[in-house]
Amino acid sequence: FLPAMILVVFGIYSAGSVTHGFVSYYTASKLLLSGRLGPLAYDDEWFGAEVKATTGSDVREIFIPNPPTMSLMAAPLVPFDARAARAMWLAGSVGAFVASVWALAGWTSRRGRTLPVAVMLLVLLAPAVFTNLRIGQGYLFVFALFAFAVILIGQGREWLGGALLGALLALKTSGVA
């Protein structure tokens, strides 16, 4: 419980700043929903100017390593300004991550195994988790999709687990690694 609270507090602290990472998802979603997302998004200067105009920040961000479908990730947050959307993104990131770790721990215990407390603390308080929160990356959502896919496949619901893996790969090809 304490590690989850630490993540919540860090998420609240991180919500006060607009950094690279989230602004790429947010800007891409805004462009998609306004009908302006196209090949120009892969022009670093054009996309960077759109990021600055959309978020009102001086953050430099690119779209290049992402598939076009990545623009769907922040689509539900487009009605909100960049700062409010970032705060909601971080809350969702913490919630998805904690829920997936909790679900994995429960799933392993139902299979007759338990995760040692040290492993749980290592997973929940890993530096990569805090980095993802600080910059607002989407990898905590990626982790959640992987975690629930593993659980579903382990339960014999391969089609649903496969659908989650397909959604994951459509959103973030870097999840393949």
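# Notebook: a look through an all-helix chain

I began with charges: E50 and R36 form a salt bridge, with 2.8 Å between their closest N and O atoms. I count a salt bridge when a side-chain nitrogen of Lys or Arg is within 4 Å of a carboxyl oxygen of Asp or Glu. E50 sits in helix α3 (residues 44–55) and R36 in the loop between α2 (22–33) and α3, so the pair ties together parts that are 14 residues apart in sequence. For helices I take DSSP runs of H or I with at least four residues, for strands runs of E with at least two, and the numbering starts at the N terminus. By the salt-bridge rule the count comes to one.

A note on what I am reading: this is a predicted model, where local features need pLDDT of at least 70 and side-chain atom pairs count only at pLDDT 80 or more, while totals for chains, interfaces and linings use all residues. Residues are numbered from 1 along each chain as its sequence is written, and side-chain values use heavy atoms, with hydrogens and water left out.

**Burial of the salt-bridge pair.** I looked up the accessibility of both partners. E50 counts as buried at 13% relative accessibility, whereas R36 is partly exposed at 42%. My cut-offs are under 20% relative accessible area for buried, over 50% for exposed, and partly exposed in between (1.4 Å probe, protein chains only).

**Overall build.** I found eight helices and zero strands in the chain. From the N terminus on, the order reads α-α-α-α-α-α-α-α. How does the radius of gyration agree with a compact globule? For 177 residues such a globule would have a value near 16 Å, and the chain has 17 Å, which agrees. The radius is taken over C-alpha atoms, and the globule rule is 2.2 Å times the number of residues to the power 0.38. The C-alpha trace spans about 55 × 35 × 25 Å along its principal axes.

I also noted that buried residues make up 43% of the 177 residues. Of the contacts with a separation of 6 or more, 72% are between residues 24 or more positions apart; contact here means heavy atoms within 4.5 Å. The accessible surface comes to about 9200 Å², and 70% of that belongs to carbon and sulfur atoms. Areas come from the Shrake-Rupley method with a 1.4 Å probe, and for residues only the protein chains shown count as cover.

**Aromatics.** I counted seven aromatic pairs. Among them, F97 and F143 make a tilted pair, 5.1 Å centre to centre with 55° between the planes. F97 is in helix α4 (residues 82–110) and F143 in helix α7 (residues 139–154), so the pair ties together parts that are 46 residues apart in sequence. F97 is buried at 3% relative accessible area, while F143 is partly exposed at 28%. The rule: rings of Phe, Tyr and Trp (its six-membered ring) pair if their centres lie within 6.5 Å, with planes under 30 degrees apart stacked, over 60 edge-to-face and the rest tilted. I then found F22, Y25, Y26, W89 and F141 in one aromatic cluster.

**A surface patch.** L2, M5, I6, V8 and I12 form a nonpolar patch on the surface, together giving about 440 Å² of accessible area. Patches are made of residues with over 30% relative accessible area and no salt bridge, like charges being joined within 9 Å and nonpolar side chains (Val, Leu, Ile, Met, Phe, Trp, Tyr) within 5 Å. I6 lies in helix α1 (residues 2–14) and is partly exposed, at 36%.

**V59.** I went to the loop between α3 and α4, where V59 is found. V59 counts as buried at 14% relative accessibility. Which residues does V59 touch, not counting residues up to four places away in sequence? I listed V18, T19, H20, V23, V51 and K52. The C-alpha atoms of V59 and G21 are 9.4 Å apart, with the two positions 38 residues apart along the chain taken as their separation.

**Helix α6 and beyond.** In helix α6 (residues 127–135) the buried residues are V129, F130, N132, L133 and I135. G136, just after α6, takes a positive phi of about 75°. L145 lies in helix α7 and is partly exposed at 21%. Leaving aside neighbours within four places in sequence, L145 is in contact with L164 and L168.
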